[in-house]
Amino acid sequence: MSKILIVYCSMSGNTKAAAEAVADGAKGAGAKVTLKKGADAKPQDLLECDAVALGSYDAFSYMGGELKDFLDRAFYPTQGQVTDKPYAAFVTHGGGGKALQSIESVAQSFKLKKVAEAVLVKGRPEGQAIADLKALGAKLAKVAAK
Ligand SMILES: Cc1cc2nc3c(=O)[nH]c(=O)nc-3n(C[C@H](O)[C@H](O)[C@H](O)COP(=O)(O)O)c2cc1C
């Protein structure tokens with residue numbers, strides 16, 4: 001069974017709802033899912049997973065501080081040990097969404113491998129957005145199982 005880590009930050013619940021949809025999709029595809037807020041995630045979580053989803057709200061066109069804090073804490077302890085590990089990103093926003101670029105840039109620094117197009121959601125995910133987030137989780141699970 002592949003192990004999927006989902007690390008996210010959320011101030012008012014939109015990204016939390018998105019993260020839960022990603023988790024549903026990954027579980028539905030047979031993966032074991034660890035869902036953590038950035039503050040609770042540890043570098044070891046990144047080392048132990050087969051694939052990771054990184055989720056954030058857009059905060060002044062950058063990722064939220066709690067996800068950034070996790071990535072800052074995880075960088076040196078995982079350096080050189082997560083090369084080509086599959087990842088995908090999801091962002092909720094208020095009409096912008098440029099925060100995605102910051103996540104993708106930092107993921108490149110970790111040398112993670114992007115395996116699915118990011119899902120961008122305006123506000124609280126519903127309907128098609130939930131389906132897209134579930135599909136992202138399922139895709140991560142399938143790639144990680146190979
Ligand atoms: C401090 C702050 C800065 C924000 N900056 C942006 C922004 O630059 N672009 C944007 O599209 N939305 C911005 N937003 C809106 C949030 O990204 C959006 O409401 C998001 O869905 C909130 O997610 P959450 O409920 O998980 O906290 C900002 C919100 C906050 C609180």
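A residue is called buried if 20 or more other C-beta atoms lie within 10 Å of its own, and exposed if 12 or fewer do. With this in hand, we can begin at strand β1 (residues 3-8) of this predicted model, where five of the six residues are buried, so that the strand is mostly covered.

Strand β1 has partners on which we can build. It is joined to strand β2 (residues 32-37) by six bridges, and the two strands run parallel; within this pairing, isoleucine 6 has leucine 35 of β2 as its bridge partner. β1 is also joined to β3 by five bridges, again in a parallel arrangement, and here leucine 5 stands opposite valine 52 in β3. The path from β1 to β2 passes through a helix, since β1, α1 and β2 make up a β-α-β unit, and this unit is right-handed.

It helps to place this unit within the whole protein. The secondary structure amounts to five helices and seven strands, and reading along the sequence gives the pattern β-α-β-α-β-β-α-β-α-β-β-α. The C-alpha trace spans about 35 × 30 × 25 Å along its principal axes. For 146 residues, a compact globule would have a radius of gyration near 15 Å, and the 13 Å of this protein agrees with that expectation. Buried residues account for 51% of the 146 residues. Among the contacts between residues at least 6 apart in sequence, 83% join residues that are at least 24 apart.

The helix of the β-α-β unit can be followed through one of its residues, alanine 19, which is found in α1. Is alanine 19 buried or exposed? It has 28 C-beta neighbours inside 10 Å, and therefore it counts as buried. When residues up to four places away in sequence are left out, alanine 19 touches Ile6, Tyr8, Leu35 and Gly55. Two of these names lead back to the strands already described, because Ile6 and Leu35 are the bridge partners that link β1 to β2. Alanine 19 can also be set against a residue far along the chain: threonine 92 is 73 residues away in sequence, and the C-alpha atoms of the two are separated by 10 Å.

Another pairing of strands is found between β5 and β7, which run parallel and are joined by four bridges. In this pairing, the bridge partner of valine 91 is leucine 120 in β7. Strand β7 (residues 119-122) has two unlike faces, for Val119 and Val121 form a covered face, while Leu120 and Lys122 form an uncovered one. The bridge partner of valine 91, leucine 120, thus belongs to the uncovered face of β7.

Loops can hold buried residues as well, as leucine 112 illustrates. This residue has its place in the loop between α4 (99-110) and β6 (113-114), and it is buried because 23 other C-beta atoms lie within 10 Å. Apart from residues up to four places away in sequence, leucine 112 touches Val82, Lys85, Tyr87 and Ala107. Leucine 112 and alanine 145 are 33 residues apart in sequence, and their C-alpha atoms are 16 Å apart in space.

Two other loop residues deserve attention for their backbone angles. Most residues other than glycine have a negative phi. Phenylalanine 60, however, has a positive phi of about 55° although it is not a glycine, and it lies in the loop between β3 and β4 (62-63). Aspartate 84, in the loop between α3 (65-78) and β5, likewise has a positive phi, near 70°. How many other C-beta atoms lie within 10 Å of phenylalanine 60? There are 9, so phenylalanine 60 is exposed, and aspartate 84 is exposed with 9 such atoms as well.

We can finish with the ligand, around which 19 residues are gathered, the closest being Met11, Asn14, Thr15, Tyr57 and Gly96. Which elements each supply at least two residues of this shell? They are α1 (14-28), β3 (51-59) and β5 (86-93). Each of these has appeared earlier in the account: α1 in the right-handed unit, β3 as a parallel partner of β1, and β5 as a parallel partner of β7. By class, the shell around the ligand is made up of 13 polar, four nonpolar and two charged residues.

Note on methods: Residues are numbered from 1 along each chain as its sequence is written. This is a predicted model: local features need pLDDT of at least 70, side-chain atom pairs count only at pLDDT 80 or more; totals for chains, interfaces and linings use all residues. A residue is near a molecule or strand if its C-beta atom, placed from the backbone, lies within 6 Å of it. Ala, Val, Leu, Ile, Met, Phe, Trp, Tyr, Cys and Pro count as nonpolar, Asp, Glu, Lys and Arg as charged, and the others, Gly among them, as polar. Two residues are in contact if their C-beta atoms, placed from the backbone, lie within 7 Å. A crossover is right-handed if, with the strands pointing away from the viewer, the path from the first strand over the helix to the second runs clockwise. The radius of gyration is taken over C-alpha atoms; the globule rule is 2.2 Å times the number of residues to the power 0.38.
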